[in-house]
Amino acid sequence: MEEFTLNISYPEREVKILTGKNALVSASSYINSTFNSKVVLTNKNIWNIWKEYFSEHIKDFYLFQIEDGEKYKNYKTVSEIYKYLVSIGATRKTAFIGFGGGVIGDIAGFVASTYHRGIPLIHVPTTLLAQVDSSIGGKTGYNLREGKNLVGTFYQPNLIVSDSLFLHTLSEREFKSGLAEVIKAGFIMDYKLIDLIESNLNMIKKRDENIISEIMKRAQLVKIKVVKEDVEEQGLRAILNFGHTLGHGIEVLTRWKVPHGYAVAAGMGFAIFLSFSMGYITKGEMIRAINLLKGMGYRLLYKLDYTMLESVIKRDKKKKEDLVEWVLLKSIGKAEFGIKLDMNYIKGELKNYEKFILSDASSF
Ligand SMILES: NC(=O)c1ccc[n+]([C@@H]2O[C@H](COP(=O)([O-])OP(=O)(O)OC[C@H]3O[C@@H](n4cnc5c(N)ncnc54)[C@H](O)[C@@H]3O)[C@@H](O)[C@H]2O)c1
């Protein structure tokens, strides 16, 4: 069990992060003794699997369950939660606990940041993505018909409880999807994390408790470091978009059939290739990084209509003027953001990337 503190300077806030096996047990006495009223937001799937463990340690709480799925991350759900909070007489001292993956975390954060102009928030993330990424950093929100995450706030939780026990019941798809964000953290800022993943591929696939806790902790530290420097996403936080420019295109063009992390993995594959063709990394580094993604079993190539892809990427909020901004590697464990590249160049490199992935890499 590890404990980190994330000190946010604007607005001044100390966020405690407990991480590792049984983190919920370690956090329970603080949670039970600090707040005399608590509301837990979760979904029916998570509650079904984890209610005994959760209720054994967290006492005397109101429970609000929603349906499972991204499509419930909307204002209807938010307004039902507001009504529930009013009905139970929740006050500014009531702690709001989001118990679930990124969907629950985003809704919980939004409700906590707006109800009574802000009430205490505790994240208990249950997916790998939520533990290493979405629970850290204070971004909250919900979707509109017109687009994902169009409404939201920045609101830091008081506490994040990342219990690795929850990861054992994740589907292979959700686990691998979250793992892509762990690998991303290594590529952009922590070469030791990449070393660790490379030398423990099989143990990671088997979800060995020790190695998972170790890589999770390192990925969390990367996110903490980035968030500390750029709380409100004015600069450095863009580095977290490594793999996300093409990844987003893959998600949109496949109508979100490809899970987020899988799309990001393929996007990272291309960004690694671009980093090589721009002369930032060596061929050896590129092959090493691509082999890591292949070794984890990610598909690195999707057949996409490049004209449609161009319009998706250009419509993307990361685009400034006519050029598209990319996050590229300067070495394994070091990235740079805001690299503007012309779409025609990108389209040419997408074809070269395709040839590379289909070839025997060593003969490329
Ligand atoms: N706020 C941020 O900074 C941020 C960052 C990245 C993503 N997000 C958001 O996160 C969301 C995606 O989060 P996600 O990938 O965690 O998806 P999710 O919350 O939909 O969870 C994925 C699935 O796993 C199930 N699940 C959760 N925990 C489980 C467990 N321990 N055992 C078994 N099943 C479990 C859920 O019920 C769901 O079916 C998106 O809405 C995205 O916009 C937010």
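Three helices, α2 (44–57), α4 (102–114) and α5 (128–134), each contribute at least two residues to the shell around the ligand, and in this predicted model the largest share of that shell, four residues, is drawn from α2. The ligand is surrounded by 23 residues, and the closest of them are D68, E70, T126, T127 and T169. Sorted by class, the shell around the ligand comprises seven nonpolar, nine polar and seven charged residues.

**Polar contacts of the ligand**

The table lists side chains that place a polar atom beside an N or O atom of the ligand.

| Residue | Ligand atom | Distance |
|---|---|---|
| N45 | oxygen | 2.9 Å |
| D106 | nitrogen | 2.9 Å |
| T169 | nitrogen | 2.7 Å |

Taken alone, the ligand would expose 870 Å², of which the protein buries 84%. T169 appears both in the table, with an N or O atom of its side chain 2.7 Å from a nitrogen atom of the ligand, and among the residues closest to the ligand. N45 falls within the residue range of α2 (44–57) and D106 within that of α4 (102–114), and their side chains approach an oxygen atom and a nitrogen atom of the ligand, respectively.

**Overall form**

The protein has 14 helices and 11 strands. For a chain of 364 residues, a compact globule would be expected to have a radius of gyration near 21 Å, and because the protein has 20 Å, the value agrees with that expectation. Along the principal axes, the C-alpha atoms of the protein fill a box of roughly 65 × 40 × 35 Å, and 55% of the 364 residues count as buried.

**A buried serine in a loop**

S164 belongs to the loop that lies between β9 (159–163) and α6 (172–189). Its relative accessibility is 1%, and because buried means under 20%, S164 counts as buried. A polar atom of the side chain of S164 lies 3.1 Å from the backbone nitrogen of K21, so that residue positions well separated in numbering are brought together in a polar contact.

**The β7–β8 hairpin**

Strand β7 (residues 142–144) and strand β8 (residues 147–151) run antiparallel and are joined by two bridges. The connection from β7 to β8 is a hairpin that passes through two residues, and L144 has G147 in β8 as its bridge partner.

Key
Residues are numbered from 1 along each chain as its sequence is written. This is a predicted model: local features need pLDDT of at least 70, side-chain atom pairs count only at pLDDT 80 or more; totals for chains, interfaces and linings use all residues. Side-chain values use heavy atoms; hydrogens and water are left out. A residue is near a molecule or strand if one of its heavy atoms lies within 4 Å of it. A polar contact is a pair of N or O atoms within 3.5 Å; within protein, one must be able to donate a hydrogen and the other to accept it, and residues adjacent in sequence count only if both atoms are side-chain atoms. Accessible areas come from the Shrake-Rupley method with a 1.4 Å probe; for residues, only the protein chains shown count as cover. Ala, Val, Leu, Ile, Met, Phe, Trp, Tyr, Cys and Pro count as nonpolar, Asp, Glu, Lys and Arg as charged, and the others, Gly among them, as polar. Two strands pair if DSSP finds at least two bridges between them. The radius of gyration is taken over C-alpha atoms; the globule rule is 2.2 Å times the number of residues to the power 0.38. Buried means under 20% relative accessible area, exposed over 50%, partly exposed in between (1.4 Å probe, protein chains only).
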